[in-house]
Amino acid sequence: MSSNKKVRRIAILTGGGDCPGLNAVIRAIVKPAIHEHGIAVYGLEDGFHGLIYRKARHLESGDVSGVLTLGGTILGSSNKDNPFDHEMNVNGRDQRVDVSGECVDYIHEMGWDALICIGGDGTQSMAQRFQELGVNVIGVPKTIDNDLSATDVTFGFQSAVDVATEAIDRLHTTAMSHHRVQIVEMMGRYAGWLTLYAGVAGGADVILIPEIEFDMEVVAEYCLYRSRHGKRFTIVAVAEGAKPKGGKMVVAKVLQDSPDPIRLGGIGKVVAETIAEKTGLEARATVLGHLQRGGSPVPYDRVLATRFGHAALDLVLQGKFGMMPALQGKDIVPVTLTDAIHQLKLVPADHSLVRVARDLGTCFGDRTEAG
Ligand code: F6P
């Protein structure tokens, strides 16, 4: 669509795992779309599920009233439905079928001039494929994992850091009382951003992230070192994707019907048991899990999500499709979906925050620290 064709109707979906700030994005699209530009906005239910099963509802201004501070997504989400590989029963047999053509037909039948896909790397990869099929697509980056290339930060990340930091703070006091090693397992998939930031913010003594393989001997020795030097507790922040040298990530389950079937989880328990065995210290593990994705977005995420939503609508109005608003420095800039998804953004092992933490005595499990 060229920039001078009048935009009349657009659709929005939220795909993949939810995170705080999704509703703030939706609100920042819907309100100006209706009031400033006279555009009709439709919300697809449960992400790509709504596109496959033709479930969309017309959104009125009232639908987005009061949702700025609300966690989750008013549209619902799904991290299972993939229009390019959809399980369905054909002639009595369950088969995986590409139904993207039917989805494109639906988009045309509904007269949508653009589709805004709010999601992480999985959602943006599918968005890019619809763009290649001729759909006018705009992406909006979200995820608590902060692992999307091309944007400095995804909304949802700071809210998750907030929850995880508060958890570390709370575990700190009880670990001190009981002279325990307290392990806190955090989400983040293959990236250690969440654990690194919450670990530094909460003053964790040990931070274990996927990007830096750890040695259990080093971690155990560090706990003992602290204990011998009068620190009768240790806080270990471990990312769900962290793994020991030469070892593997711990997989909690495999969801065959998901585009990204691996669900990580369980490393916290492994670390706790190994520390207890090697040191004789009492070690306990807490898994923060979906607590990190729930609840109200922090003000930073409300603002970022609002800026992203507004910028996404601007891109639609300018006819700049196949793009996504990204935060680069202080500015919101358009980047191509291809750039956004070409590789995961991982923590560089020499990231400045890693170096800062090391200088403060934090152990990353790869080498002995004098802390
Ligand atoms: O990508 C967001 C995320 O919360 C990851 O940190 C985590 O590994 C995964 O989703 C969990 O997915 P689910 O909600 O399907 O268990």
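Biologist: What makes the approach between an oxygen atom of the ligand and the side chain of Asn 79 a polar contact?

Modeller: In this predicted model, an oxygen atom of the ligand is 3.0 Å from an N or O atom in the side chain of Asn 79. A polar contact asks for a pair of N or O atoms within 3.5 Å, so the pair at Asn 79 qualifies. Gly 188 offers a polar backbone atom 3.0 Å from a ligand oxygen, and an N or O atom in the side chain of His 290 is 2.9 Å from an oxygen atom of the ligand. Taken alone, the ligand exposes 400 Å², of which the protein buries 82%.

Biologist: Which residues surround the ligand, and what makes them count as near?

Modeller: The surrounding residues are Asn 79, Ile 144, Asp 145, Met 187, Gly 188, Arg 189, Glu 240, Arg 263, His 290 and Arg 293. They count because each has a heavy atom within 4 Å of the ligand.

Biologist: How do you know that strand S8 and strand S10 pair?

Modeller: Six bridges join S8 (residues 181-186) to S10 (residues 234-239), and since pairing needs at least two bridges, these strands pair. Their direction is parallel, and Gln 182 has Ile 235 in S10 as its bridge partner.

Biologist: Why are S9 and S13 called edge strands of the open sheet?

Modeller: The sheet has four strands in the order S9-S10-S8-S13, with parallel pairing. Strand S9 (206-208) and strand S13 (283-287) each pair on one side only, which is what places them at the edge. Neighbouring strands of this sheet are turned by 15° against each other on average, direction ignored.

Biologist: Which helices lie across S8, and how do they run relative to that strand?

Modeller: Helix H5 (residues 157-178) lies across S8, S10 and S13 and runs at about 165° to S8, while helix H8 (residues 267-279) lies across S8, S9, S10 and S13 and runs at about 160° to S8. Angles between N-to-C directions go from 0 to 180 degrees, so the value for H5 falls towards the upper end of that range.

Biologist: What makes S4 and S5 a pair, and which residue takes a positive phi in their hairpin?

Modeller: Five bridges join S4 (residues 86-90) to S5 (residues 93-97), which run antiparallel, and Met 88 stands opposite Gln 95 in S5. Two residues lie between the strands of this hairpin, where Asn 91 takes a positive phi near 50°.

Biologist: Why is the protein chain as compact as a globular protein of that length?

Modeller: The chain comes to eleven helices and 15 strands. Its radius of gyration is 22 Å, close to the 21 Å that the globule rule gives for 371 residues, and therefore the chain is as compact as a globular protein of that length.

Terms used: Residues are numbered from 1 along each chain as its sequence is written. This is a predicted model: local features need pLDDT of at least 70, side-chain atom pairs count only at pLDDT 80 or more; totals for chains, interfaces and linings use all residues. Side-chain values use heavy atoms; hydrogens and water are left out. Contact means heavy atoms within 4.5 Å. A polar contact is a pair of N or O atoms within 3.5 Å; within protein, one must be able to donate a hydrogen and the other to accept it, and residues adjacent in sequence count only if both atoms are side-chain atoms. Accessible areas come from the Shrake-Rupley method with a 1.4 Å probe; for residues, only the protein chains shown count as cover. The radius of gyration is taken over C-alpha atoms; the globule rule is 2.2 Å times the number of residues to the power 0.38.
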